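Here are some short exercises to work through with the model open beside you. Try each task before reading its solution.

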Amino acid sequence: MSAKTAAEAAEICADLIRFDTTNRGEGVARPERPAAEHVAGLLDEAGAAPVVVESAPGRASVLARLPGTDPSHPAFLVHGHLDVVPADPAEWTVPPFSGEVRDGCVWGRGAVDMKGALAMTLATVRRRLREGRRTRGDLVLAFLADEECTGEYGSRYVAREHRDFFAGCAEAISESGGFSVAAGGARIYPIATGERGTAWMRLTARGTAGHGSKPAPDNPVAELAHAVSRLAAHEWPVRLTPGVRALLDGLADALGTTIDHDRLDAEAARLGGVGRLFAGTVRNSANPTRLDAGYKVNVVPGTASAQVDGRYLPGTGDEFLATVDRLLGPKVTREFVNHEEAPAADPEGPTFAALAAALRAEDPAARPVPYVMAGGTDAKSFHRIGVTSFGFTPLALGADLDYFGMFHGVDERVPLDGLAFGTRVLDRFLDTR
């Protein structure tokens, strides 16, 4: 992969950052359409036949299907999202939508999550198209709206309304994996083989409205406060899923150490950066994030509500919800704001092996390991239609760059040499498809 392609990836990344695609959730978002049209133009220029689809005015995604050399071979999907989370310019060293190149990095909201990844994909695919290099099976590309909320205007929409585009796809790659984590003398490259399920819930307590100065035996605010407190204080038990066990085994081997499964919180702290790979995925979680009740200090309201961000490991959904219901008690009801199952991929299959081999080819010291993501991605939507995703956005990073802190953080940036590394790894991997 040439230096020209790496420079192109950096340029595309900076250009994409300059499109403000902020997604504040619950339908409040800047339109992705301008960024989508820019992406479509880049693909069209290289000879692809992209399609821009809208789920609502301005909420646009780009789809493309590049024919392979063997119609009988399975198609492969590469997907990513165009939208980003909000950024307060007052908190940043550089304007967050400037795409400024400084100190060997492209700076701006989305540099890591995930316009840098889109740029690597676009630069790699554009070069392959110019050179007439095709994958064996069809290569399907999806640049999506609305991942930073529920995906309803993006991945869910295209999986439901444009499912034919994904015909023959059984596997995919997307965000949140393939980056390097320095650990002593080792370079760990976690490849995501799963993620926790999502259970965003609205809790509601109901009681009798009345004057604030009088006794209120069924005060919904108090009832909800007690329930939320119980939920927040609950110590969720460790549940070692196959994916997390595989990560722990891989880390122990790569680092030449032992990891005590009976004290994983302490082990995560001891291992530093690599410990963060499993600290959030050894148990379920339910974090209260919003409260809403009343309208006046001297009025007991008739209802009170809260929202909770619940996440559960693969295979633990029923246990998770049963525990939530027990903690809430009989006077608080719950409903889903967003509910997605926990997808999982095979850490011992040929696709994982090909991803790991592509990393080792560009970094002989690479130690690829499987891991489970604490959060969620568009992989959940494609899981619904039978497509299994691996988290794979390859980046070689310096030990001083806090990659995890870049996600939704201040001064988000991606190294130019990291983008160059990623284009080379992606190109090698696509040669195997």
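Please keep in mind that this is a predicted model.

**Exercise 1. How many residue pairs are in polar contact across the interface of domain 1 and domain 2, and what else describes that interface?**

Solution.
- Step 1: Start with the contacts. Five residue pairs are in polar contact across the interface of domain 1 and domain 2, with both residues of each pair at pLDDT 80 or more. On the side of domain 1 that touches domain 2, α11 (379–383) and α12 (403–406) each supply at least two residues.
- Step 2: Mark the bounds. The domain assignment places domain 1 at 3–176 + 377–431 and domain 2 at 197–340. Their C-alpha centres are 31 Å apart.
- Step 3: Count the residues that touch. Ten residues of domain 1 contact eleven residues of domain 2.
- Step 4: Look at the area. Domain 1 and domain 2 bury about 740 Å² between them, and carbon and sulfur atoms give 44% of this.
- Step 5: Add the charged pairs. There are four salt bridges between domain 1 and domain 2. Glu 26 and Arg 290 also meet through their side chains in a salt bridge, at 3.2 Å from N to O.

**Exercise 2. Check whether the span of helix α3 agrees with its number of residues, then decide how covered the helix is.**

Solution.
- Step 1: Work out the expected span. Helix α3 covers residues 115–130, which is 16 residues, and the expected span is 1.5 Å times one less than that number, so it should be 22 Å.
- Step 2: Compare with the model. The end C-alpha atoms of α3 are 22 Å apart, in agreement with the expected value.
- Step 3: Turn to burial, with under 20% relative accessible area as the cut-off. By this cut-off 14 of the 16 residues of α3 are buried, so the helix is mostly covered.
- Step 4: Step just past the end of the helix. Gly 132, just after α3, has a positive phi of about 70°.

**Exercise 3. Which parts of the chain does the salt bridge of Arg 126 and Glu 45 tie together, and is each partner buried or exposed?**

Solution.
- Step 1: Recall the principle. Side chains of opposite charge can pair when their charged atoms come close.
- Step 2: Find the pair. The closest N and O atoms of Arg 126 and Glu 45 are 3.0 Å apart, and the two residues form a salt bridge. Because Arg 126 lies in helix α3 and Glu 45 in helix α2 (residues 33–45), the pair ties together parts that are 81 residues apart in sequence.
- Step 3: Assign burial. Arg 126 has 7% relative accessibility and so counts as buried, whereas Glu 45, at 59%, is exposed.

**Exercise 4. Where in the chain do Asp 138 and Arg 65 lie, and where do Arg 428 and Glu 362 lie?**

Solution.
- Step 1: Take the pair of Asp 138 and Arg 65, a salt bridge with its closest N and O atoms 2.9 Å apart. Asp 138 is in the loop between α3 and β6 (139–144) and Arg 65 is in strand β2 (residues 59–66), so parts 73 residues apart in sequence are tied together.
- Step 2: Check exposure. Asp 138 is partly exposed at 22%, and Arg 65 is partly exposed at 26%.
- Step 3: Move to Arg 428 and Glu 362, whose side chains meet in a salt bridge at 2.6 Å, N to O. Arg 428 is in helix α13 (residues 416–430) and Glu 362 is in helix α10 (residues 350–362), 66 residues apart.
- Step 4: Finish with a network. Arg 127, Arg 128, Glu 131, Arg 133, Asp 427 and Asp 431 are joined into one network by salt bridges that share partners.

Terms used. Residues numbered from 1 in each chain as written. Heavy atoms only, no water. Helix = DSSP H or I, 4+ residues; strand = E, 2+ residues; numbered from the N terminus. Buried < 20%, exposed > 50% of the residue type's maximum accessible area, 1.4 Å probe, protein only. Domains from an automatic or database assignment. Contact = heavy atoms within 4.5 Å. Buried area = accessible area lost by both parts, 1.4 Å probe. Polar contact = N/O pair within 3.5 Å; in protein donor to acceptor, adjacent residues only side chain to side chain.
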